[in-house]
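Biologist: I am new to this structure and would be grateful for a close look at a single part of it, set within a short account of the whole.

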Amino acid sequence: MTSTTNPITAEALSATTLLRFATAGSVDDGKSTLVGRLLHDSKSVLTDQLEAVERASQSRGQEAPDLALLTDGLRAEREQGITIDVAYRYFATARRRFILADTPGHVQYTRNMVTGASTAELAVVLVDARNGVVEQTRRHAAVAALLRVPHVVLAVNKMDLVDYAEPVFAAIAEEFTSYAASLGVPDITAIPISALAGDNVVEPSAHMDWYGGPTVLEHLETVPVSHDLTGCLPRFPVQYVIRPQTAEHPDYRGYAGQIASGMFRVGDPVTVLPSGRTTTIAGIDALGSSVDTAWAPQSVTLLLADDLDVSRGDLIAPAGAAPAVTQDVRATVCHLHERPLRVGERVLLKHATRTVKAIVKELPYRIDLSHGLAHDNDPEHLEVNDIGAVVLRTAEPLPLDAYADSRLTGSFLLIDPADGTTLTAGMAGEAFAERASAAAAAADDEGWDF
C-alpha cells in the first residue's frame with residue numbers, strides 16, 4: 001500500500017507530543033471539509049483513500065475531490081452530506097501526533113460532541129463567516145467550557161465567500177471571544193480560514209495579508225499541552241483485589257488498578273475511601289516487579305501496611321488531601337438519552353470503578369443557550385441534549401472530586417438500572433465555576449490575536 005504521507009521515523013514519533021482535539025460547529029459550517037483539508041494538505045492521507053474519495057466525488061458529479069468524505073464514513077452521512085457519529089482520526093506531523101474527534105453539528109447530536117470533547121485538550125469551533133455566531137456556536141462553546149477543555153480555536157470558515165473581509169472576521173472573533181471568556185475558557189485563538197480553498201489551514205493564505213497569526217496546523221503543532229498528571233492530587237480507584245492464597249504467596253493482598261492522577265510512593269500515608277481508614281503504602285508492584293514510586297497513568301498493584309477492608313470501587317488517596325465523601329451530589333449534566341430525566345427517577349451512578357444506586361432529588365435548572373446563559377429554573381425534566389443541574393442522593397457515600405479539580409475523578413455517568421443504558425454524563429460541581437473575574441479579566445487584557 002502506497003502513501004502520500006511524509007516519512008516520519010519511529011524515533012521522531014517517540015519524541016513528539018500528543019494532542020487530542022475535537023472539532024465542532026453548526027450544520028454546513030465545513031467541519032468535515034476542514035478535517036479533510038487538514039489531513040490532505042499535511043500529507044496524512046493514504047493514496048488509496050484519496051482515490052476512493054475522488055471516485056465517490058466524481059460519481060456525485062463533483063469535479064474536485066470532496067475532502068469531507070475523508071471523515072464522513074457512514075453511508076447515511078455521505079448520502080445526507082452531514083456528520084452524524086463522532087469520527088476519530090489519527091495522524092502525525094514531524095512536530096506532534098494527533099487524535100482528532102470530528103463531532104456532529106446538529107443540535108440533536110450535542111451528546112456526541114460531549115463524547116468527543118470529554119478527553120480533548122483543544123476544541124476547534126467552526127463558524128460560517130456569512131452567518132457569524134449562532135445558537136449552536138454558543139452551545140459548543142458552553143460544552144467546551146463545561147468539559148474544561150483548556151484551549152479553544154475559533155475557525156471563521158468560508159472567508160472566500162465574504163471576499164476575505166477583515167471587518168467580518170474581526171466582528172465574529174470579538175463576539176465569540178467575549179462569550180467564551182465569560183464561560184471561563186482560559187485560552188481562545190481566532191483564525192480566518194477557507195477550508196475549501198485551503199486558506200490558513202496548513203498553508204498561509206495569499207488572500208488575507210492583514211492576518212499575521214498562525215495557520216490551524218501551526219497552532220495545533222505549537223499550542224502548549226501538558227499530559228503530566230503527576231502534579232495533580234494522587235487518586236487510585238481500586239479495580240481488583242488480588243488474593244492468590246497460594247503456598248508461595250499465602251498472605252499476599254494487593255489492590256490493582258490504574259493511577260488516575262498524581263504519584264504514589266512506598267511509605268506514603270493514605271486514606272481508603274469511603275471508609276476513611278488510614279494506613280501507609282507498604283509496597284508497589286508494577287509489571288511483575290517491586291518499585292518504590294508509581295505515577296499516573298500507570299497500572300499497578302498497591303500493598304497496604306494494615307489489613308483493611310478494601311474492595312473494588314474504593315478510592316485510595318493521600319491522607320492529608322483526600323476528597324470529601326458525600327451522599328448528596330450536585331452536578332452539571334448533559335442528558336444523553338431520548339427518554340427524559342425526571343425528579344424521583346432511580347438510577348445507577350458510575351464513578352471511576354464504583355457503581356452505586358442513586359435517586360434524582362432535584363433538577364434546579366436547565367441552561368437555555370438560545371438566550372445567552374439564561375436558566376430555566378425547576379424544569380419538569382431534562383430532554384436529550386439538554387444541559388442543566390441535578391441534585392442526586394446516593395445509597396452509599398462517594399469520594400467525589402469537583403470536576404474543575406479533576407476531569408477523571410470529578411465525572412460520572414447515570415445509568416438505567418433496568419437495561420444498563422447510559423442516560424446522562426455528569427460533572428460534579430457548579431457549571432462554569434471559573435467564569436468569573438479572572439478569565440474575563442485575562443480576556444480583556446489579551447483580547448484576540450490576529
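How many helices and strands are there in the protein, and where is D416 found in relation to the strands?

Modeller: The model is a predicted one, and the description that follows should be read in that light. The protein contains nine helices and 26 strands. Of its 450 residues, 52% are buried. The accessible surface amounts to about 20,100 Å², and carbon and sulfur atoms account for 50% of that area. When contacts between residues at least 6 apart in sequence are considered, 71% of them join residues at least 24 apart.

Against this background, D416 can be placed. This residue belongs to the loop that runs between strand β25, residues 411–415, and strand β26, residues 422–428. Although D416 lies in a loop, its relative accessible area is 10%, and because buried means under 20%, D416 counts as buried. Leaving aside residues up to four places away in sequence, D416 touches R339, T421 and L423. Among these partners, L423 falls within the range of β26.

A residue in a helix may be set beside this loop position. F169 is part of helix α7, which covers residues 166–183. The relative accessibility of F169 is 0%, so this residue is buried. Along the chain, F169 and I191 are 22 residues apart, and their C-alpha atoms are separated by 8.5 Å. Thus D416 in its loop and F169 in its helix are each classed as buried.

How values were computed:
Residues numbered from 1 in each chain as written. Predicted model: local features only at pLDDT ≥ 70, side-chain atom pairs only at ≥ 80, totals over all residues. Heavy atoms only, no water. Helix = DSSP H or I, 4+ residues; strand = E, 2+ residues; numbered from the N terminus. Buried < 20%, exposed > 50% of the residue type's maximum accessible area, 1.4 Å probe, protein only. Contact = heavy atoms within 4.5 Å. Areas by Shrake-Rupley, 256 points an atom, 1.4 Å probe, with all protein chains shown as cover.
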